[in-house]
Amino acid sequence: MAYTQFIDGELTAGANRESWINYNPANNTPLGEVFQANAQDIEAAVGSAEKAFHDWRTKTGAERGRVLVKAAEILRSRLEQIALLETQDVGKPISESLAVDISSAADALEYFGGIAAGIHGEYVDLKNAFGYTRPEPLGVCAGIGAWNYPIQIAAWKAAPALACGNAMIFKPSELTPVTALELAKAFMEAGAPRGLFNVVQGDGRVGAMLTDHPRIAKISLTGSVATGKKIFAGAASQLKRVTLELGGKSPLIIFEDADLQNAVSAALLANFYTQGEVCSNGTRVFVQRKIYDAFLMQLKERTEKIRVGDPTDPDTHMGAVISTAHLEKIIRFIDAGKAAGATLLTGGSRPGKDFKGRDISSGNFLTPAIFTDCDDAMEICKEEIFGPVLSILCFDTEEEVIERANNSAYGLAAGVFTNDIKRGHRVIHQLQAGTCWINNYNITPIELPFGGYKQSGLGRENSLAAIQYYTQLKSVYVELGNVESPY
Ligand code: NAD
């Protein structure tokens, strides 16, 4: 299989001869060859996107919306096929890619397709005059994706961009080149003009070329803080717009009056979904002292029942992490936690067999890990691990836990479990995080904005809030009287 560029409506290897092999994380066997785009390919992608933009921007919102809704239908009709591709590429369980990845991409296309006709400005009554505003598209926008939710990330960027009248060039992560091409095909079949959504493959060098390109108006990144800073700095030289969806080390706070079973369910979802490779994960689980032991007992018991194994098996709960290098990085964090004095309560080892006794020793598998006896200052409690590693921290008072939860350079997400409605809101309102939950965790409906405070990012994706990040506002003053002039 060859994973190529998708430029001007065509799959093309591109002008470059550089390529690499894409591996299945579950067994490290090759899935296919990926072709790195070069400067010539980027020029071709920008040229074709500009051509598409020229016509696309003149279409009505309803016309644009119809294409997006049709693309959503196409994705849904290919749910099983694309879910399998995503599972083989990312290593996540098929039950997840079937239930979440493809449908949340389709949700974004439907949502922004539905509101495209309602994107409009304001009328302002003035003395002997009036004014109005026009939200106009930016032009050619670039999306740069992370590897944990490849098609979802591509759709979360493309849907608002195209609904607002822009064209997009999308670069998936070099580790997951597959399903952005499926999205590109769906757009074409839905009636999008050639070049409206191009895909270029490659590593950070291709991302940097997009960032530096003078005819690309905006960059939207989903990735790490380190990459976000590089893109922000690169974009600054041209005052290019950026949206940055970055990493986190989010707190999940469980008060003693919480429903214990729900709180444990949420802690599991907040740490072990997609092998813990979720940006908004609540990896610092603060538990109030009175329920600490009971919470821990139930958490350990349920964690040990998580079925790690072949991601294509519908009974699997947890698949393989993205690469051997990433697995080794997670194991280094686990070793650092033990060396710092935390207790590894369960997990953190490489299983040789899966829950059905199949040999999985060649894949990047890890059993879900829980650390107790943690301290806020430990590396495992400060740094984003991006793997199935949960740290439990004990607390006594509301004031104390708010201060400790906020003591982080990140601010992506936060969760609070309590049955006291007043406390739930009071605490959430004091947490420095952009995406918050009361009595649940990691639910990200397309209708709500998603994004971070502090170093977790800039701007928002999803919801009506995304519109302002893909448009620029033109103000028009219309005179109804004479021009008053002192000259
Ligand atoms: P990464 O920063 O290594 O790479 C992200 C993307 O940026 C890739 O496509 C990569 O090729 C590209 N890139 C790398 N260097 C670049 C450069 N100099 N210029 C332009 N592009 C460059 O991140 P990753 O390892 O792919 O993903 C994991 C990170 O993504 C984690 O930190 C995670 O929290 C974050 N993430 C955030 C969200 C969110 O919505 N906030 C969602 C998913 C993942």
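**The ligand and the two largest pockets**

An oxygen atom of the ligand lies 2.5 Å from an N or O atom in the side chain of E384. The model is predicted. Taken alone, the ligand exposes 850 Å², and the protein buries 87% of that.

Backbone atoms also meet the ligand. A nitrogen atom of the ligand is 2.8 Å from a backbone N or O atom of L246. At E245, a polar backbone atom lies 3.5 Å from a nitrogen atom of the ligand. That value sits at the cut-off, since a polar contact is a pair of N or O atoms within 3.5 Å.

Now widen the view to the shell. The ligand has 28 residues around it. Those that come nearest are G145, E174, S224, T227 and E384. E384 thus appears here as well as in the side-chain contact. By class, the shell holds 12 nonpolar, 10 polar and 6 charged residues. Three elements each supply at least two of its residues: α7 (204–212), β11 (218–222) and α8 (225–236).

Where does the ligand sit among the pockets? The space taken by the ligand is the largest pocket. Rolling a probe the size of a water molecule over the atoms shows where empty space is left. In the largest pocket, that space comes to about 880 Å³. The lining of this pocket counts 38 residues. Nearest its centre lie W147, T222, G223, S224 and T227. S224 and T227 are also among the residues that come nearest the ligand.

The elements tell a similar story. α7, β11 and α8 each give two or more residues to the lining of the largest pocket, and so does α11 (324–339). α7, β11 and α8 also serve the ligand shell. By class, the lining of the largest pocket has 15 nonpolar, 14 polar and 9 charged residues.

Turn next to the second largest pocket. About 550 Å³ of space lies in it. Its lining has 25 residues, and V100, Y149, Q152, N442 and T444 are the closest to its centre. Two helices each supply at least two lining residues: α4 (94–115) and α5 (150–163). α4 gives the most, with 5 residues. V100 falls within the range of α4, and Q152 within that of α5. By class, the lining of the second largest pocket has 14 nonpolar, 8 polar and 3 charged residues.

How values were computed: Residues are numbered from 1 along each chain as its sequence is written. This is a predicted model: local features need pLDDT of at least 70, side-chain atom pairs count only at pLDDT 80 or more; totals for chains, interfaces and linings use all residues. Side-chain values use heavy atoms; hydrogens and water are left out. A residue is near a molecule or strand if one of its heavy atoms lies within 4 Å of it. A polar contact is a pair of N or O atoms within 3.5 Å; within protein, one must be able to donate a hydrogen and the other to accept it, and residues adjacent in sequence count only if both atoms are side-chain atoms. Accessible areas come from the Shrake-Rupley method with a 1.4 Å probe; for residues, only the protein chains shown count as cover. On a 1 Å grid over the protein atoms alone, a cavity is a set of points where a 1.4 Å probe fits but cannot get out, and a pocket is an open set with protein on both sides within 12 Å along at least five of seven lines; lining residues have an atom within 4 Å of a point. A molecule sits in a cavity or pocket if more than half of its atoms lie within 2 Å of its grid points. Helices (H or I, at least four residues) and strands (E, at least two) are DSSP runs, numbered from the N terminus. Ala, Val, Leu, Ile, Met, Phe, Trp, Tyr, Cys and Pro count as nonpolar, Asp, Glu, Lys and Arg as charged, and the others, Gly among them, as polar. Grid points are joined across faces, edges and corners, and a volume is the space filled by probe spheres set on the points.
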